[in-house]
Amino acid sequence: FSEYLVPIRQWMTSTTPYTQYHQSVQVPELPSLETAADIIKKTEQGVIIVGRLRSRQEKEAVEKLCKVLNWTLMADSTSGLRTASTSHCRVPYYPSILHYELSEGQCSPVTTVLHLGGELVSKQLWEWLKKTNPEHFIHVTPHPRRYDFNNQVTLRYECDLKAFVDFLLPFISSAKKDNALLPIFKSYATDIEHICTEAIDNNQQLTEPSVARLVAGNIMDDTCLLLANSMPVRDFDMFVHTLPASVTIGCNRGVSGIDGTIASAVGFAIGNKKPCTLVTGDLAFLHDVNSLAMVSSAPHPIVIVVINNNGGGIFSFLPIAEKTDIFEPYWGTPHGLTFQALTEMFHLEYLSPSTVSDFIEVYRTAQQETKSTIIEITTDRNTNYKLHREIDDQIRQTLKNS
């Protein structure tokens with residue numbers, strides 16, 4: 001707990017707002033950086049995992065490091081690095097690949113893991129890292145919060161990420177460039193892309209995975225995207241492999257991540273001075289309905305894509321779903337509501353597409369408008385669960401036979 005108090009105590013004696021104050025973390029001393037450089041140069045098989053990044057400068061720094069090292073890159077959906085510029089070393093669909101490795105009782109050997117940035121969405125990644133158990137686990141982050149669920153970090157730097165990379169690069173030019181893991185994972189990813197194309201893209205029916213892929217494929221350049229907790233951020237993590245580099249991505253993570261989602265989208269748009277798309281579930285939407293008043297007066301238009309599956313869809317993936325007598329009232333929590341009347345109350349545009357082609361048309365149109373819009377997608381929780389399981393089974397069987 002004391003690690004959180006240190007920057008707060010320092011801030012209390014300053015005149016700078018806290019959100020700006022704690023961005024001035026310094027680079028470690030040179031001998032400490034040489035320790036990381038020495039580990040990296042001796043690494044036989046390295047993996048870079050990238051969580052949430054704060055700025056374009058951090059993204060550019062990580063891209064530069066990836067080009068030098070040529071390690072396998074696993075970029076979180078909130079990192080902003082699922083772009084064409086990282087395709088040479090980035091593994092798309094890594095949550096599904098790692099889930100396959102875990103389900104098959106195998107785990108590719110990794111000597112060193114370099115974790116850059118903040119938290120990560122994928123549970124499969126943390127489980128895979130625990131089983132892989134690398135000799136070295138280096139974490140670089142500009143804040144004191146820990147993201148070390150397996151207690152594996154062996155070397156940690158709390159410093160500016162761009163400065164860390166700039167200081168590190170001259171020391172690692174001779175690092176080992178061979179990467180036996182990357183082509184294997186890339187081959188897996190190609191197989192998974194074919195499966196997703198067949199199971200998701202070639203179906204005109206709107207599904208929760210298809211909404212994620214359609215937003216990613218049709219979002220305008222130089223806008224921002226906020227992903228709500230629960231299924232939206234997980235669907236993006238599992239099914240979206242590329243986003244425009246100019247799109248700024250955010251997400252509310254944590255125990256109370258369902259609260260204040262609509263208000264966060266407004267603040268995200270104002271902070272970035274850009275229009276924003278919010279992809280949210282119905283429960284997160286209902287938890288913050290009063291913030292629609294801010295949406296209607298926001299200086300930048302907000303497109304809210306709300307997936308209405310009449311309850312908490314993520315709980316269908318838990319064993320409790322088998323207890324049908326208690327699941328619906330206490331976990332599924334159906335509300336039986338639609339949201340058109342709300343949009344009328346708050347003077348917002350409302351659209352409710354029923355097919356893929358309809359969604360593409362209305363989403364593209366909504367992004368061109370100066371007025372904020374709600375796009376309501378109606379899905380079924382049971383159908384969504386079955387689709388995820390069918391895709392997962394196809395991936396496991398295909399990779400097993402490849």
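Counting secondary structure elements gives 17 helices and 11 strands for the protein chain. With a radius of gyration of 22 Å against the 21 Å that the globule rule gives for 402 residues, the chain is as compact as a globular protein of that length. Along the principal axes, its C-alpha atoms fill a box of roughly 65 × 60 × 40 Å.

Keep in mind that this is a predicted model. Its mean pLDDT is 90, and 93% of the residues reach 70 or more. Residues 20-24 call for some care: their pLDDT is below 50, although in the model this stretch has 11 contacts beyond near neighbours in sequence.

Now to how the chain packs. Of its 402 residues, 52% count as buried. If you take the contacts between residues at least 6 apart in sequence, 74% of them join residues at least 24 apart. On the outside, the accessible surface comes to about 18100 Å², and carbon and sulfur atoms account for 53% of that area. As for charge, the chain has 34 positive and 44 negative charges, and the mean positions of these two sets lie 6 Å apart.

For a closer look, turn to Arg 213, which sits in helix H9, spanning residues 208-218. Is this arginine buried or exposed? Its relative accessibility is 13%, and the cut-off for buried is under 20%, so Arg 213 counts as buried. Leaving aside residues up to four places away in sequence, Arg 213 touches Glu 193, Cys 196, Thr 197, Ile 200 and Asp 201, along with Tyr 93, Phe 239 and Val 240. Two of the acidic residues, Glu 193 and Asp 201, are thus among the contacts of this arginine.

Notes:
Residues numbered from 1 in each chain as written. Predicted model: local features only at pLDDT ≥ 70, side-chain atom pairs only at ≥ 80, totals over all residues. Heavy atoms only, no water. pLDDT = per-residue confidence, 0-100. Contact = heavy atoms within 4.5 Å. Helix = DSSP H or I, 4+ residues; strand = E, 2+ residues; numbered from the N terminus. Rg over C-alpha atoms; globule rule 2.2 N^0.38 Å. Buried < 20%, exposed > 50% of the residue type's maximum accessible area, 1.4 Å probe, protein only. Areas by Shrake-Rupley, 256 points an atom, 1.4 Å probe, with all protein chains shown as cover. Lys, Arg positive; Asp, Glu negative; His and termini not counted. Charge placed at Lys NZ, Arg CZ, Asp CG, Glu CD.
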